[in-house]
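The following exercises concern helix packing, pockets and backbone geometry. Each task is followed by a worked solution.

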Amino acid sequence: MTDAYYELVDPDDPLGERFAASSHVISTWGSAMQNAAPVSALLVRAAERCAARDDTRISRVIVDLLGPVPVSDRLWVRARVARPGTQIELVGAEMLAPGPDGTPRPVATATAWRFRRIDADELPDTPTAPMRPVRDGRRRLPDESAEQTYIQSLDWRWLNDILHSVQAECWARPLVDLVAGEPMTPVQRLFAVADIANGMGSRLDPAGWTFLNTDLAVHIHRPPDGDWIGVRAQNHYGRDGVGVSTGTLFDEHGPVAAIQQAQLVRRAPRPTGPRPD
């Protein structure tokens with residue numbers, strides 16, 4: 001088993017860089033589909049590398065999941081500058097995977113605004129209630145006896161009951177690389193964790209409900225520093241099965257980004273088959 005979410009198989013494939021996914025990407029919602037966190041981090045990697053400029057940084061990323069992203073050794077990622085500019089650029093990235101007929105088709109897309117950086121130390125900061133430090137968290141290491149999924153790829157520190165608290169808080173860091181043999185950039189590391197906000201504070205029993213997100217929107221006001229990413233999240237549900245998860249992302253120095261995710265909330269299908277005697 002590789003110690004990375006993906007392996008770069010062919011950097012020069014005509015469709016884009018070709019990757020193979022490892023078992024670390026597997027979603028808790030199904031063994032044949034990927035969790036959104038590795039997918040979004042790989043799209044961010046493509047956006048960062050596309051016509052890269054040292055004087056810019058990513059300020060906002062929206063990832064749209066066009067359907068279940070398969071766990072496959074045939075994944076292609078490519079990016080292009082959709083709107084060039086001196087001060088502001090828009091970069092688009094997409095992931096392709098084989099469809100039912102074997103033909104590659106888009107399964108996830110991302111748009112990333114890149115802003116030119118300036119020296120602006122005099123700008124005011126807005127106070128945000130801090131997260132308790134990593135050392136205060138309850139350690140939740142991967143269960144080696146459990147089936148391998150994305151959940152087992154993280155080192156967790158729970159600051160409260162992140163499943164049932166109205167405002168859930170935890171720290172997490174990936175235990176594996178994004179791409180085998182490559183160090184993660186700070187923004188890639190942020191996105192390798194950010195999607196866990198969707199399940200935090202749901203107050204829903206996963207045996208009775210599914211709450212899948214179709215997107216991931218992150219506004220980054222400061223690039224994160226260090227290995228740990230803090231997540232503070234809460235959920236809001238309509239009475240028609242539509243929800244939204246909102247939250248704040250942190251590093252150990254303070255807040256770094258705001259996050260929102262749309263949710264499709266559904267009752268889990270009841271098991272079928274003969275009833276036990």
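**Exercise 1: Backbone outliers**

A51 is placed in the loop between α1 and β5, where helices (H or I, at least four residues) and strands (E, at least two) are DSSP runs numbered from the N terminus. The model is predicted: local features need pLDDT of at least 70, side-chain atom pairs count only at pLDDT 80 or more, and totals for chains, interfaces and linings use all residues. Residues are numbered from 1 along each chain as its sequence is written, and side-chain values use heavy atoms, with hydrogens and water left out.

Task: State the sign of phi at A51 and at R203.

Solution. Begin with the general expectation: most residues other than glycine have a negative phi. A51, although not a glycine, has a positive phi of about 45 degrees. R203 is likewise not a glycine, and its phi is positive at about 60 degrees; this residue belongs to the loop between α2 and β13.

**Exercise 2: A helix pair**

Task: Determine how α1 and α2 are oriented to each other, and list the residues in α1 and α2 that meet.

Solution. Step one is the geometry. The axes of α1 (residues 36–49) and α2 (residues 186–194) come within 7 Å and cross at roughly 160 degrees; axes are lines fitted to C-alpha atoms over the stretch in contact, with angles from 0 to 180 degrees between N-to-C directions. The two helices are therefore roughly antiparallel (over 145 degrees).

Step two is the handedness: the crossing of α1 and α2 is right-handed (the near helix is turned clockwise from the far one by less than a right angle).

Step three is the contact (heavy atoms within 4.5 Å). From α1, residues A37, S40, A41, V44, R45 and E48 meet V187, Q188, F191 and A192 of α2. These residues comprise six nonpolar, two polar and two charged (Ala, Val, Leu, Ile, Met, Phe, Trp, Tyr, Cys and Pro count as nonpolar, Asp, Glu, Lys and Arg as charged, the others, Gly among them, as polar).

**Exercise 3: The largest pocket**

Task: Describe the volume and the lining of the largest pocket.

Solution. On a 1 Å grid over the protein atoms alone, a pocket is an open set of points where a 1.4 Å probe fits, with protein on both sides within 12 Å along at least five of seven lines; lining residues have an atom within 4 Å of a point. The volume, the space filled by probe spheres set on the points, is about 940 Å³. Of the 40 lining residues, T28, W29, N35, I151 and G199 are closest to the centre. The largest share of the lining, three residues, comes from β13. By class, the lining has 23 nonpolar, 13 polar and four charged residues.

How values were computed:
Parallel < 35°, antiparallel > 145°, perpendicular 65-115°, else oblique.
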